[in-house]
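Q: I am new to this structure and would like a close look at a single part of it. Please take one strand and its partners slowly, and then set that part beside other pieces of the chain.

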Amino acid sequence: MTSSSDRSLEVDVQGPKTYEVRTYGCQMNVHDSERLSGLLEEAGYVRAPEGSDGDADVVVFNTCAVRENADNRLYGNLGRLAPKKVSRPGMQIAVGGCLAQKDQDTIVKKAPWVDVVFGTHNIGKLPVLLERARVQEEAQVEIAESLEAFPSTLPTRRESAYAAWVSISVGCNNTCTFCIVPALRGKEKDRRTGDILAEIEALVGEGVSEITLLGQNVNAYGSDIGDREAFSKLLRACGTIEGLERVRFTSPHPRDFTDDVIAAMAETPNVMPQLHMPLQSGSDTVLKAMRRSYRQERYLGIIEKVRAAIPHAAITTDIIVGFPGETEEDFEQTLHVVREARFAQAFTFQYSKRPGTPAATMDDQIPKEVVQARYERLVALQEEISWEENKKQVGRTMELMVAEGEGRKDGATHRLSGRAPDNRLVHFTKPDAQVRPGDVVTVEITYAAPHHLLAEGPVLATRRTRAGDAWEKRNAAEAAKPAGVMLGLPKIGVPEPLPVVASGCGCD
């Protein structure tokens, strides 16, 4: 057997080992993946080039258990890696996240070439488990039943230099019949406000100018201490942090959306005029079957109050079509709410059985063809509304934060892309002066499409920011990293942009 000193020498000769993290699911998983990347880099691994497609020394799957075919997708991907692992001695595969938490006993049985299985509560153990699997030459399965360390206390490798997720709570106290997340991530656990603000201040010190407060049920923050206004107080506290230009949050629950939160949004300048609030269904009957603790009138009342306090707010939502027992009348109620709420965008999902949830065994499962037809009607209506709402933005002057990687056609069109305060995506004419991701430009909107806006005229103003400086510094540091002797692997590329992720769990 090779000694530990020999193994260290081997790494030095061959160069640093590479890693790849594949993320599925909601923002929580995206945030966890940033921590997994940070842990691996602290342990001496380097990120594999974009598009390496399983050619890294360590491939980590951060899984989601929300969709019915989540396990098929995972095992299909694992199957494709099996021959690569045979041809690459020393390659390791790890599976974490919600599906690992749920199927801890079956993953290694179905895919015996997996080296590590870890859960949602012990992501900090990944480097140790990888080393243990390598030394002992057998799979390591370790699933903690309760949170060992709050994710935000772990090292991180953020996907963006100018924007960051900040987790304020983990877990969920709701019992929605379609959602398995509470069973996998546990009861809600809140971070101390002081720790949250300290993390935000540290991020701002690194050049971050936009943060998104993250929680499975973000506006229930404070339930641990019995303070129903804790979330609105946190928003207001964010407003006092110098250098923090934009604050967003996701995803709130209508049950906990109180008037003090609306007031804090309206009165705190750096809290953006944007709200993502899941509807799931417009039918009171279906909402009751889902165990959603609000009804149509309550939901539309919140929308009305938000619009009164923040007239230009862009409101987005999640909707599930085809929940068991949903009638045509129930579906019409959802269409009614969509017409009344006039969402800027809706993330729509066809109901999918989540094994282990009450809804999976309910009677009156809706035939696939009926669900598909309703889904298409909903999407058509929302597309029409999204376009109409976007057309209202034409002629407005907006301040955009320049984004990285969000305009797929920017190179061909000689444009750049950015996000408006309300989070709408805007493609704008590339100015003569250099602007970097994280910098701010002022433009006039000239054209609207259902999912983006255009500013085809000249940029009216540009503002270089500390966030842009941070992006430039990070890219320079990445470019300057020695590639090492990587056994023929190409050098590491620049960071990917911060993903814009739908509330994929559909559980908020």
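A: Two strands are said to pair if DSSP finds at least two bridges between them. With that in hand, strand E3 (residues 58-63) and strand E4 (residues 92-97) pair in the parallel sense, and they do so over six bridges. The model is a predicted one, and everything below should be read as a description of that prediction.

The bridge partner of Val58, in E4, is Gln92, which gives one fixed point from which the pairing can be followed in the view. E3 also has a partner in strand E1 (residues 18-23), and these two strands pair in the parallel sense over five bridges. Here the point to look for is Val21, which stands opposite Val60 in E3.

How many of the residues of E3 are buried? Six of its six residues are, and the strand is accordingly described as mostly covered. A residue counts as buried when its relative accessible area is under 20%. The covering applies to both faces of E3, with Val58, Val60 and Asn62 buried on one side and Val59, Phe61 and Thr63 buried on the other. Val58 and Val60, which were named above for their places opposite Gln92 and Val21, thus belong to one side of the strand.

For a companion to E3, it helps to turn to strand E13 (residues 314-321), where eight of the eight residues are buried, so that the strand is largely enclosed by the rest of the structure. Both of its faces are covered, since the buried residues include Ala314, Thr316, Asp318 and Ile320 on one side and Ile315, Thr317, Ile319 and Val321 on the other. E13 pairs in the parallel sense with strand E12 (residues 274-276) over three bridges, and in that pairing His276 stands opposite Thr316. Strand E14 (residues 345-350) runs parallel to E13 as well, joined to it by six bridges, and there Val321 stands opposite Gln350.

Helices can be followed with the same care. Two packed helices are described by the angle between their axes and the distance between the axes. Helix H10 (residues 259-267) and helix H12 (residues 296-309) pack at an angle of about 25°, with their axes 10 Å apart. That angle makes H10 roughly parallel to H12, because angles under 35 degrees count as roughly parallel. H10 passes H12 in a right-handed crossing. Where the two helices touch, Asp259, Ile262 and Ala266 in H10 meet Ile302, Lys305, Val306 and Ala309 in H12, and the residues of this contact divide into five nonpolar, no polar and two charged.

H12 also packs with helix H13 (residues 328-341), at an angle of about 10° and with the axes 11 Å apart. H12 and H13 are therefore roughly parallel to each other. From H12 the contact draws on Gln296, Tyr299, Leu300, Ile303 and Arg307, and from H13 on Gln333, His336, Val337, Glu340 and Ala341. By class, the contact of H12 with H13 has five nonpolar, three polar and two charged residues.

Another pair of helices is H8 (residues 193-205) and H9 (residues 230-238), whose axes come within 11 Å and cross at roughly 30°. That makes H8 roughly parallel to H9, and their crossing is right-handed. The residues that make the contact are Thr193, Ile196, Leu197 and Ile200 of H8, together with Leu234, Ala237 and Cys238 of H9. In this contact six residues are nonpolar, one is polar and none is charged.

Further along the chain there is an open sheet of seven strands, in the order E19-E20-E17-E16-E15-E18-E21, and its pairing is mixed. The edge strands are E19 (447-448) and E21 (461-463), each of which pairs on one side only. Inside this order, strand E17 (residues 425-429) and strand E20 (residues 453-455) pair in the parallel sense over three bridges, and the bridge partner of His427 in E20 is Leu454.

Finally, these parts can be placed in the whole. The secondary structure of the protein chain comes to 16 helices and 21 strands, and buried residues make up 56% of its 508 residues. Among contacts between residues at least 6 apart in sequence, 75% join residues at least 24 apart.

Definitions and conventions: Residues are numbered from 1 along each chain as its sequence is written. This is a predicted model: local features need pLDDT of at least 70, side-chain atom pairs count only at pLDDT 80 or more; totals for chains, interfaces and linings use all residues. Side-chain values use heavy atoms; hydrogens and water are left out. Axes are lines fitted to C-alpha atoms, for helices over the stretch in contact, and angles run from 0 to 180 degrees between N-to-C directions. Helices (H or I, at least four residues) and strands (E, at least two) are DSSP runs, numbered from the N terminus. Angles under 35 degrees count as roughly parallel, over 145 as roughly antiparallel, 65 to 115 as roughly perpendicular and the rest as oblique. A crossing is left-handed if the near helix is turned anticlockwise from the far one by less than a right angle, and right-handed if clockwise. Contact means heavy atoms within 4.5 Å. Ala, Val, Leu, Ile, Met, Phe, Trp, Tyr, Cys and Pro count as nonpolar, Asp, Glu, Lys and Arg as charged, and the others, Gly among them, as polar. Buried means under 20% relative accessible area, exposed over 50%, partly exposed in between (1.4 Å probe, protein chains only).
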